[in-house]
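Reader: I've got a protein model open on my screen and I'm not sure how to read it. Can you walk me through a few features?

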Amino acid sequence: MGGPETALENPATGERIELRTTAGDSAGNGVAFDYYLRPGGFAVGKIDHVHPRQEERFDVRAGKLGVRIDGDEWTATPGTRFAVLSGTPHTVWNDGPDEMHAVVEIRPALAIETFFETMYGLARDGKTNGMGLPHPLQLAVIANEFRDEFRFGRVPIPLQNALTAAVAPVGRLAGYRARYPRYAASASEDG
């Protein structure tokens, strides 16, 4: 697996991932991908986020990766490996003039691939702001669906769960969804 046929790009944030191992390949144990950030690029939202039930491991291969984990900021360079434990607020960005490349593993997989497909697909369609975040009602639907994969780092998770549970039905009534078949990595080009 891997390569351009499994590449997902987010033009709003400058992120690109090329899947190495999918949830299907690993029986749900995890996903692995090559993660690229163009100069000036950053993780969706450009703010701390949390993976409530997943650990994320980085192996920096090229460039400089700016890292903030639980408030501690530093720069990872080629050869640096580190892990972010589940429930730990963190974010990353390109901290240099060249493209950054890291190999990332997220365990367990849960539905992280579909989360990336949806968020990156919306960005490719011009349906996000400059930070890669969609309309608030769309975001509520996504956040409610992917609450085990992604949460904002500075808002208590119980509060986020209550807000998204209350607002997501309004978003669905407005026509927003958490999953769009046309964004699936297995979809055809005109899907």
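Author: Sure, let's begin with a term we'll need for the loops: helices (at least four residues) and strands (at least two) are DSSP runs, numbered from the N terminus. Also keep in mind that this is a predicted model.

Reader: Okay. How many helices and strands does the protein chain have, and in what order do the elements run?

Author: You'll find three helices and eleven strands in the protein chain. Starting at the N terminus, the order is β-β-β-β-β-β-β-β-β-β-α-α-β-α. The radius of gyration is 16 Å, close to the 16 Å that the globule rule gives for 191 residues, so the chain is as compact as a globular protein of that length.

Reader: What share of the residues is buried?

Author: Buried means under 20% relative accessible area. By that cut-off, 49% of the 191 residues of the protein chain count as buried. As for the surface, the chain exposes about 9,000 Å², with carbon and sulfur atoms supplying 52% of it.

Reader: Let's zoom in on the strands. Which way do strand 1 and strand 2 run, and how many bridges join them?

Author: Strand 1 (residues 7–10) and strand 2 run antiparallel, joined by four bridges. One pair to look for is Asn10 with its bridge partner in strand 2, Glu15. The hairpin has four residues between the two strands, and Gly14 takes a positive phi near 80° there.

Reader: And what is on the other side of the pairing, between strand 2 and strand 3?

Author: Those two also pair in the antiparallel sense, over six bridges, with strand 3 covering residues 31–37. Glu15 turns up again here, standing opposite Leu37 in strand 3.

Reader: Why is strand 2 described as largely enclosed?

Author: Five of the seven residues of strand 2 (residues 15–21) are buried, so the rest of the structure largely encloses this strand. When you look at any strand, a general idea helps: in a regular strand the side chains alternate between the two faces of the sheet.

Reader: You mentioned a positive phi. How should I read backbone angles?

Author: Here's the general idea: most residues other than glycine have a negative phi, and most peptide bonds are trans. Now for the cases in this model. Ala27 has a phi near 55°, a positive value in a residue other than glycine. You'll find Ala27 in the loop between strand 2 and strand 3.

Reader: Is Ala27 buried or exposed?

Author: Ala27 is exposed, with a relative accessible area of 70%. Leu110 has a positive phi too, near 50°, and sits in the loop between strand 10 and helix 1. Its relative accessible area is 31%, so Leu110 is partly exposed.

Reader: Which peptide bond is cis, and what is its omega?

Author: That's the bond from Arg107 to Pro108, with omega near -10°. Pro108 lies in the loop between strand 10 (100–107) and helix 1 (112–124).

Reader: Last one: how do I spot parts of the chain that meet across the sequence?

Author: Try His49, which is found in strand 4 (residues 49–50). At 7% relative accessibility, His49 counts as buried. Thr91 is 42 residues away along the chain, yet the C-alpha atoms of His49 and Thr91 are separated by 6.3 Å. Leaving aside neighbours within four places in sequence, the contacts of His49 include Ala43, Glu56, Thr91 and Phe150. Across the protein chain, among contacts between residues at least 6 apart in sequence, 69% join residues at least 24 apart.

How values were computed:
Residues are numbered from 1 along each chain as its sequence is written. Side-chain values use heavy atoms; hydrogens and water are left out. The radius of gyration is taken over C-alpha atoms; the globule rule is 2.2 Å times the number of residues to the power 0.38. Buried means under 20% relative accessible area, exposed over 50%, partly exposed in between (1.4 Å probe, protein chains only). Contact means heavy atoms within 4.5 Å. Accessible areas come from the Shrake-Rupley method with a 1.4 Å probe; for residues, only the protein chains shown count as cover. Two strands pair if DSSP finds at least two bridges between them.
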